[in-house]
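Colleague: Before I use a model for anything quantitative, I would like to learn how to read its local features with some care. Could you take me through one?

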Amino acid sequence: MWALVFEASRLDEVVEQTVRALEFSILAKYAFGLAQLFSAFYHRYQILKEEDADRRRWRAAGVRYFRTQMTRALDLMGIEVPARM
C-alpha cells in the first residue's frame, strides 16, 4: 500500500515537471502508471472484506487518497471522472 500512497503523493511534483517541460504526456503517463499500480493493489489485497479492522481502515484510507489524487490528475487533463469504474 505504501508504494501506492507514495506514488499518489508525487502528483504535485509531476505537474510541476509537466509545466516546466511543456510536455502533457508526462502527466498522462503518470496517471496511467498510478492507475496500473492501484489495479495491482486492488487485486492483491482485500479492502472491504479484510477481517482486521485496522488494516481495513488503513487500506480504505489509502484508496481514498488515491481517488483524490487521481481525480485531481484527471481534472487537470480535462477528463471527467466516471461515476463508476
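Modeller: Let us begin with a residue at the surface, keeping in mind that this is a predicted model. L22 is exposed, with a relative accessible area of 74%, and its place is in the loop between α2 and α3.

Colleague: What sign does the phi of L22 have, positive or negative?

Modeller: As a general idea, most residues other than glycine have a negative phi. In this structure L22, although not a glycine, has a positive phi of about 50°. A positive phi is also found just after α4, where G78 takes a value of about 75°.

Colleague: How should I read a pocket, and how much space lies in the largest pocket here?

Modeller: The general idea is that rolling a probe the size of a water molecule over the atoms shows where empty space is left. In this case, about 800 Å³ of space lies in the largest pocket. Of the 24 residues that line this pocket, F38, Y42, V63, F66 and M85 are the closest to its centre. Sorted by class, the lining has 15 nonpolar, four polar and five charged residues.

Colleague: Which helix supplies the largest share of that lining?

Modeller: That share, eight residues, comes from α4, while α3 (24-44) and α4 (53-76) each supply at least two residues of the lining.

Colleague: Then α4 deserves a closer look; how far does α4 reach from its first C-alpha to its last?

Modeller: With its 24 residues α4 reaches 35 Å, which is close to the 34 Å expected at 1.5 Å a residue. At its N-terminal end α4 is capped by D52, which has a side-chain oxygen 3.0 Å from the backbone nitrogen of D54.

Colleague: Which residues of α4 are buried, and what covers them?

Modeller: Buried in α4 are R59, G62, F66, Q69, M70, A73 and L74, and the elements that cover these buried residues include α1 (2-9), α2 (11-21) and α3. F66 thus appears twice in our reading, as a buried residue of α4 and as one of the residues closest to the centre of the largest pocket.

Colleague: And R57, is that residue buried or exposed?

Modeller: R57 lies in helix α4 and counts as exposed because its relative accessibility is 53%, the cut-off for that class being over 50%. Its side chain is joined to that of D54 by a polar contact of 2.5 Å. The C-alpha atoms of R57 and I47 are separated by 8.3 Å, the two residues being 10 apart along the chain.

Methods
Residues are numbered from 1 along each chain as its sequence is written. This is a predicted model: local features need pLDDT of at least 70, side-chain atom pairs count only at pLDDT 80 or more; totals for chains, interfaces and linings use all residues. Side-chain values use heavy atoms; hydrogens and water are left out. On a 1 Å grid over the protein atoms alone, a cavity is a set of points where a 1.4 Å probe fits but cannot get out, and a pocket is an open set with protein on both sides within 12 Å along at least five of seven lines; lining residues have an atom within 4 Å of a point. Grid points are joined across faces, edges and corners, and a volume is the space filled by probe spheres set on the points. Helices (H or I, at least four residues) and strands (E, at least two) are DSSP runs, numbered from the N terminus. Ala, Val, Leu, Ile, Met, Phe, Trp, Tyr, Cys and Pro count as nonpolar, Asp, Glu, Lys and Arg as charged, and the others, Gly among them, as polar. The expected span of a helix is 1.5 Å times one less than its number of residues. Buried means under 20% relative accessible area, exposed over 50%, partly exposed in between (1.4 Å probe, protein chains only). Contact means heavy atoms within 4.5 Å. A polar contact is a pair of N or O atoms within 3.5 Å; within protein, one must be able to donate a hydrogen and the other to accept it, and residues adjacent in sequence count only if both atoms are side-chain atoms.
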